[in-house]
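Thanks for sharing this one. Here are a few notes to read alongside the coordinates.

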Amino acid sequence: MVDNRCTVEVEVDGAELAAELHGDPADPAILLIHGAGHCRLNWPDGFVRRLVAGGRCVVRYDARDAGASTTFPVGAPPYTLPDLAEDAAAVIDALGPGRAHVLGMSQGAAVGQLLALGHPDRVATLTLASGTPGIPGQEQPDLPPVSERLAAFFAQVEQDAQGARAEQDAGAARETVIESIVEGERPFAAASRPFDEDGVRRLAARIADHARDIAAQSTNPYLLDAGPPWRARLGAITAPTLVLHGEEDPLFPPEHGRALAAEIPGARFLALPGTGHEVFPEHTWDTVVTAVLAHTANRDDPPRPV
C-alpha cells in the first residue's frame with residue numbers, strides 16, 4: 001500500500017476547488033462528495049485510510065463555499081445544485097480522462113444522482129449515503145418528512161443568513177465557531193448511541209481552521225436552487241449503485257434510502273444500525289468499507305488519476 005497524499009486545485013466555471021488525493025495513483029479512484037455545510041475533512045481520515053488500504057486512490061475535495069475552495073457572499077450563492085454536479089465532473093476530468101467510482105453523502109448523494117444522470121460516462125459505480133430520491137418536498141409526499149426538530153433547525157439557518165454575514169464581518173471567535181459546528185452536528189446523530197462530543201469537537205477545530213469562510217460554508221449550501229425535480233428520471237441511471245442509509249436518520253428516515261434504491265435499476269440497499277444522518281461513524285467502518293470495496297471491485301476500473 002502506498003499511502004501518499006497530495007493536494008491539487010481544480011479550476012471550474014467561476015471557482016477553484018481544493019482537492020486531495022490519498023493513496024497510490026495507480027489504484028482505481030473513488031471520488032468522495034460531501035454534504036451541505038461540510039467540507040472534505042468531514043470524511044474521516046481513518047475511513048479514507050481503510051479505503052486506501054483496500055487498494056483505492058481516494059479523492060476528497062471541498063465544494064464551492066466549503067473549506068479552502070472559492071466562497072461567495074453569505075446568503076447569495078450564485079450557483080445551483082446542478083452546478084455542483086458539473087463541478088464533480090470537472091474534478092473527475094482533472095484527474096485524467098475517464099471515470100471514477102463516486103460516493104456521495106446527503107447533499108453529495110443528490111449531486112451524485114445528478115452526476116450519474118448527466119454524465120454517465122464519468123461514473124464507474126455510484127454509492128449514495130443518507131440520500132433521498134431526487135429532492136425533498138412536494139416531489140415525494142409518499143416518504144416520511146424531516147423531523148420537526150430538524151425542520152426548525154433548517155428554518156433557523158435560513159433566518160440567520162444575514163446574521164452570519166454580520167458575525168463573519170465582526171470576526172467570530174474561534175471557540176464560538178467550534179461550538180456552533182458541534183451543536184450543528186448534534187441533532188443529526190443517532191439517538192441510540194452517545195454523541196461523540198469530544199471527537200466532533202476535535203474535528204470542528206480542524207474544520208474551523210481549514211475554512212476560508214466558515215459563515216459561507218455553514219449557510220450557502222442550504223440555500224441552493226435544486227433545479228427541476230429528477231426522481232422520475234432515476235430509472236435512467238446505468239451505473240451500478242449501492243445505497244447506504246442509517247436506521248436512525250432524522251433528516252431522511254430509512255424509507256428514503258429504500259425508495260432511492262427502488263428507483264435505480266439493480267441498486268442494492270444496505271441499512272446501517274445505530275447510525276443517524278452522519279458521515280460513517282467508526283462503528284460502521286467494517287460494514288461500509290467492506291461493502292464499498294466490494295462494490296467498486298472488478299467494475300471496468302477507470303483510468304488512473306494523474
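1. A word on the core to begin with. This is a predicted model, and its largest nonpolar core has 44 residues. The residues with the most contacts inside that core are Leu-31, Tyr-61, Leu-81, Leu-126, Trp-230 and Ile-237.

2. Leu-126 is a good place to zoom in. Setting aside neighbours within four places in sequence, Leu-126 is in contact with Val-102, Gly-112, Ala-116, Ile-237, Ala-239, Pro-240, Thr-241, Leu-242 and His-295. There is also a second, separate core of 23 residues, with Val-48, Val-52, Met-105 and Val-279 among them.

3. Please have a look at the backbone of Ser-130, where phi is near 55°, a positive value in a residue other than glycine. Ser-130 sits in the loop between strand 6 (123-129) and helix 4 (148-159), and is buried, with a relative accessible area of 4%.

4. Phe-280 deserves a similar look: its phi is near 40°, again positive in a residue other than glycine. The loop that holds Phe-280 runs between strand 8 (268-272) and helix 10 (285-295). Phe-280 is buried too, at a relative accessible area of 2%.

5. How many disulfides are there? The count comes to 0. For Cys-39, the closest cysteine sulfur, in Cys-6, is 18 Å away, so it is too far for a bond. Cys-57 is in no disulfide either, and the nearest cysteine sulfur to Cys-57, that of Cys-6, lies 7.4 Å away. Cys-39 is buried, with a relative accessible area of 0%, and Cys-57 is buried with a value of 0%.

Terms used:
Residues are numbered from 1 along each chain as its sequence is written. This is a predicted model: local features need pLDDT of at least 70, side-chain atom pairs count only at pLDDT 80 or more; totals for chains, interfaces and linings use all residues. Side-chain values use heavy atoms; hydrogens and water are left out. A nonpolar core is a set of buried Ala, Val, Leu, Ile, Met, Phe, Trp, Tyr and Cys residues joined through side-chain atoms within 4.5 Å. Buried means under 20% relative accessible area, exposed over 50%, partly exposed in between (1.4 Å probe, protein chains only). Contact means heavy atoms within 4.5 Å. Helices (H or I, at least four residues) and strands (E, at least two) are DSSP runs, numbered from the N terminus. A disulfide is a pair of cysteine sulfur atoms within 2.5 Å.
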